[in-house]
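Trainee: Please take one part of this model and go through it closely, and then set it against the rest of the chain.

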Amino acid sequence: MRDLVRAEFAPTTVYLNTASHGLTPARTADALREAVQETVEGRIDLTRWFAVIERARARFARLVGLDPDRVALGAAVSAHVSLVAGSLPPGAEVLVADGDFSSLVNPFAMRADLKLRTAPQAELADAVRPGTALVAVSAVQSADGRIADLAAVAGAARAHGARTLVDTTQAAGWLPLDAGAFDYTVCGAYKWLLCPRGTSFLTVPGDGGDLVAAQAGWVAGERPWESCYGTVEELARSARRFDVSPAFLPYLGAERSLSLVEEAGPETIGAHDRALAARFRAGAAELGHRPVPGDSAIVAVPGLGGASEALKEAGVEVSVRAGNLRAAFHLYNTAEDVERLLAALPRA
């Protein structure tokens, strides 16, 4: 993986902010430049572009252990969650984790006829009860990197006849996941999967679950090029019925980014990321701080958010969420990056 990273990344800072946005690989930048030049010169080949986009769908499907027929394409997590929210019957109870990311939670809150209930992430499985229609949770919490007990949540949901929706935005790429263990998953791919922003993946059950294809346009037709005008006579027999017309440039780049993640392997990437995160947790504790414990690639240090500006001046890019200093370690980071971060931190 070291040779792969050298060939693909050239950051000029100590970049520890993948939880906000991943770095663009060289192969992705090349694909984007080529596509832009094609639009400048009038060499737009939509047939070829759509074929590349289908390769992106297939690559993502392999990364999460599904058939491509169960993957839908979109532009943002909130829009995909809105499909799920819009398909629930009036009065349905939705259970979410306290303080989870708003793109996962708010689409349900926008429906006044749903019952939205929250519980602490660690107690989410125990909070599922008869009458719960859907449990929605992030695999990894954005604010502090805590990893949800997805097996327990899925088991509790099955026991009570509830469906599950898992947001894998902060997990896919470093935390191996089996999307087939849940009814729905959503993933904003511009973070750990290193894709351009504007790429979001939705996975659905083989029968589409209870989703209504409320956003269906011509690309959602079984025969898209015959569905350009009037009512679409037949929606796609796969998850493609939930597609929106893809943003070409982001998805042309995504196919290249996903190829890199496939090449390196989420297991290998995850082991690398977690080792760096563990070193930072230990070093921060030695400085008298109390990082959120765990085995996540995201490390949050409560009360240290004020140090972010000084770190930026030292050439170290982190983020601040909910008052926490948040450092995110990915395949392009090194042990030297951890030491640079620790050297720039104040003692407690």
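Mentor: By class, the largest cavity is lined by eleven nonpolar residues, one polar residue and no charged residue, where Ala, Val, Leu, Ile, Met, Phe, Trp, Tyr, Cys and Pro count as nonpolar, Asp, Glu, Lys and Arg as charged, and the others, Gly among them, as polar. This is a predicted model, in which local features need pLDDT of at least 70 and side-chain atom pairs count only at pLDDT 80 or more, while totals for chains, interfaces and linings use all residues. Residues are numbered from 1 along each chain as its sequence is written, and side-chain values use heavy atoms, with hydrogens and water left out.

The lining consists of Phe60, Leu63, Val64, Ala172, Gly173, Trp174, Leu175, Pro176, Leu177, Leu193, Val261 and Pro266. Helix 3 (residues 46-64) contributes the most to it, with three residues; helices (H or I, at least four residues) and strands (E, at least two) are DSSP runs numbered from the N terminus. The volume of the largest cavity is about 80 Å³, and a search of the whole structure finds one cavity of 30 Å³ or more. Here a 1 Å grid is laid over the protein atoms alone; a cavity is a set of points where a 1.4 Å probe fits but cannot get out, a pocket is an open set with protein on both sides within 12 Å along at least five of seven lines, and lining residues have an atom within 4 Å of a point. Grid points are joined across faces, edges and corners, and a volume is the space filled by probe spheres set on the points.

Glu262, in helix 8 (residues 248-264), can be related to two of the lining residues. Leaving aside residues up to four places away in sequence, Glu262 touches Arg59, Arg62 and Leu63, contact meaning heavy atoms within 4.5 Å, and Leu63 is one of the cavity-lining residues. Leu193, which also lines the cavity, is 69 residues from Glu262 in sequence, yet their C-alpha atoms are 9.7 Å apart. Glu262 counts as partly exposed because its relative accessible area is 24%, buried being under 20%, exposed over 50% and partly exposed in between (1.4 Å probe, protein chains only).

The largest pocket offers a comparison. About 310 Å³ of space lies in it, and its 17 lining residues include Val77, Phe101, Ser103, Tyr190 and Lys191, which lie nearest its centre. That lining divides into six nonpolar, eight polar and three charged residues, set beside the cavity lining with no charged residue.

Elsewhere, strand 8 (residues 200-203) has Ser200 and Leu202 pointing one way and Phe201 and Thr203 the other, all of them buried. Strand 8 is joined to strand 7 (residues 184-188) by four bridges in the antiparallel sense, with Val186 opposite Leu202; strands count as paired if DSSP finds at least two bridges between them. Strand 2 (residues 71-74) also pairs with strand 8 in the antiparallel sense over four bridges.

For the whole protein chain, which has eleven helices and twelve strands, the radius of gyration is 21 Å and so agrees with the value near 20 Å for a compact globule of 348 residues, taken over C-alpha atoms with a rule of 2.2 Å times the number of residues to the power 0.38. Buried residues make up 56% of those 348.
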